[in-house]
Each structure stands twice: as structure tokens, then as C-alpha cells.
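Student: I am new to this structure and would like a close look at a single part of it, the place where oppositely charged side chains meet. Please start with the rule you use for such a meeting, and then work outward from there.

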Amino acid sequence: MEYIFLSLKVILIIAIGIGVHLLLQRLANRLHQRQILPHSLLLPVKGFMKWILVIFVFLLVLQQLGISISRVVGALSAVLVLVAVGFVAFWSILTNILSTFLLVTFSPFRIGDTIEIRDPEKEKGTIGKVADLNIFFTTLIDTSSETDDSAKIRVPNSLFFQRIVICHAGKDTKSLKKAINEPD
């Protein structure tokens with residue numbers, strides 16, 4: 001008997017949800033006919049109202065089944081945060097892979113070229129000789145230091161599409177740094 005009563009409650013909630021949905025659709029159509037709601041917004045408003053109502057009815061049904069709404073909302077929030085973090089990480093990886101493809105295709109510089117990566121807001125940039133290009137990074141060797149040590153600079157490939165890149169083919173980094181630091 002308890003299951004029949006619970007089933008009737010769930011069916012009643014769904015029926016009321018369908019009724020409210022039909023009323024909201026009729027309201028949106030009337031607002032459109034009276035030119036209060038423009039045609040370009042009619043479908044998005046109807047879709048938004050439908051999904052909000054579906055979520056609300058779903059949560060009410062879960063509550064009738066004995067499932068805590070606060071736990072469901074907490075679990076959904078956690079899942080959404082994980083998806084957002086994963087999306088950002090995946091987007092970063094995808095951006096670097098696509099940038100590598102574009103760098104190889106259009107080859108604005110080659111291995112062995114000396115390049116300068118400059119921020120548009122700054123006069124000086126990072127200068128180095130291109131040593132390697134892989135799927136995520138381009139490795140530059142900074143040979144401009146006075147010692148024999150050469151520093152390796154790993155630049156994400158997506159940065160080449162966000163900064164100014166100047167290719168100084170055939171020039172070494174020491175003479176370039178001197179020319180930039182000591183103008184005529």
C-alpha cells in the first residue's frame with residue numbers, strides 16, 4: 001500500500017509539472033503575440049523554462065523517494081567543478097597541440113633560428129636559439145650569458161600566438177642582446 005501511495009505522489013508531481021510546463025509555454029506564446037517577447041528570444045526562453053521545470057520536478061521526485069536534495073545538489077556541484085577543472089586542463093593541452101600543428105605548418109621559425117618573444121606592452125623580450133620543437137613546448141637556448149652555461153627556456157607553443165615573435169635568422173643571441181640593450 002505504501003508503494004502505491006508513493007507512486008501516486010510521483011505521478012501527481014509529474015502531472016503537475018507537465019501542467020505547469022504547458023501553462024508556461026502558453027504564457028511565452030502570448031507574450032510573443034503581444035510583441036513583448038521578441039521572436040529571437042522565444043525558443044531560448046521556452047527551452048530555459050522547460051529545463052528549469054524538469055530539474056525542479058526531478059528534485060521533487062527524488063525527495064519523495066527519500067533522497068536528500070542537499071546531497072544531490074552537493075554531488076552535482078562537485079561533479080560540475082571537476083568537469084570545469086578538467087575542461088580547463090584539456091583546453092590548455094588542446095591549445096598547445098593545435099599551436100604546434102600551426103607552427104609546423106606555417107613555420108615562422110626553424111630549429112637553429114634565433115627568435116625573440118616580446119610582450120606587446122614591453123620593449124624587451126626573451127631571446128634564444130630554437131633548439132627543439134615538440135608537441136607542447138619549444139625549447140630555446142639562451143647563449144647570451146657571459147659564462148659558458150646556456151640556460152634552456154621552455155616556451156609553451158600557444159604563447160607564440162599571444163606574443164610578438166621576431167625571427168632573427170642567422171644571428172646569435174649575444175649580438176642581439178647587445179644591439180637591443182645598447183641602441184645606437
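Tutor: A salt bridge is counted here when a side-chain nitrogen of Lys or Arg lies within 4 Å of a carboxyl oxygen of Asp or Glu. What you see is a predicted model, and by this rule the count comes to one salt bridge. The partners are E116 and R118, whose closest N and O atoms are 2.9 Å apart. How are the two residues placed with respect to the surface, buried or exposed? E116 has a relative accessible area of 1%, which means that it is buried, since the limit for that word is under 20%. R118, with a relative accessible area of 22%, is partly exposed.

To place this pair, it helps to have the whole chain in view. The chain contains four helices and five strands, and from the N terminus the order of these elements is α-α-α-β-β-β-β-β-α. Strand 1 covers residues 114–118, and in general the side chains of a regular strand alternate between the two faces of the sheet.

From strand 1 one can follow the pairing from strand to strand. Strand 1 and strand 2 run antiparallel and are joined by four bridges, and one of the matched positions is I117, whose bridge partner in strand 2 is T126. Strand 2, made of residues 126–133, pairs in turn with strand 3, residues 137–142, again in the antiparallel sense and over four bridges. The link from strand 2 to strand 3 is a hairpin through three residues. Along this pairing, V130 has L140 as its bridge partner in strand 3, while D132 stands opposite T139 in strand 3. Strand 3 then runs antiparallel to strand 4, with six bridges joining the two. Here T139 appears again, standing opposite R154 in strand 4, and T139 thus links the description of one pairing to that of the next, with D132 facing it from strand 2 and R154 from strand 4.

Just before strand 1 comes a loop that deserves attention. This loop leads from helix 3 (69–106) to strand 1 (114–118) and contains F109, and it also contains S107. Most residues other than glycine have a negative phi. S107, however, has a phi near 35°, a positive value in a residue that is not glycine. With a relative accessible area of 31%, S107 is partly exposed, whereas F109 is buried.

F109 also brings in a part of the chain beyond strand 4. Two aromatic pairs are found in a search of the whole structure. In one of them, the ring centres of F109 and F160 lie 5.0 Å apart and the ring planes meet at 45°, so the pair is classed as tilted. F160 sits in the loop between strand 4 (151–156) and strand 5 (164–168), so the pair ties together parts that are 51 residues apart in sequence. F160 is buried, as F109 is.

On the other side of that loop lies helix 3, which holds both I69 and F87. I69 is partly exposed, with a relative accessible area of 27%, and, leaving aside its neighbours within four places in sequence, it is in contact with L59 and Q63. F87 is exposed, at 52% relative accessibility, and belongs to a nonpolar patch on the surface together with V88, F90, W91 and L94, the accessible area of the patch being about 560 Å² in total.

Earlier in the chain there is another residue with an unusual backbone angle. Q35, in the loop between helix 1 (2–33) and helix 2 (39–64), has a positive phi of about 60° although it is not a glycine. Its relative accessible area of 71% makes Q35 exposed.

Finally, some totals set the salt bridge of E116 and R118 against the chain as a whole. Of the 184 residues, 22% count as buried, and E116 is one of the buried residues. The chain exposes about 13500 Å², of which carbon and sulfur atoms supply 66%. Among contacts between residues at least 6 apart in sequence, 52% join residues at least 24 apart.

How values were computed: Residues numbered from 1 in each chain as written. Predicted model: local features only at pLDDT ≥ 70, side-chain atom pairs only at ≥ 80, totals over all residues. Heavy atoms only, no water. Phe/Tyr/Trp six-rings, centres within 6.5 Å; stacked < 30°, edge-to-face > 60°. Buried < 20%, exposed > 50% of the residue type's maximum accessible area, 1.4 Å probe, protein only. Contact = heavy atoms within 4.5 Å. Pairing = 2+ DSSP bridges. Patch = residues over 30% accessible without salt bridge, like charges linked within 9 Å, V, L, I, M, F, W, Y side chains within 5 Å. Areas by Shrake-Rupley, 256 points an atom, 1.4 Å probe, with all protein chains shown as cover.
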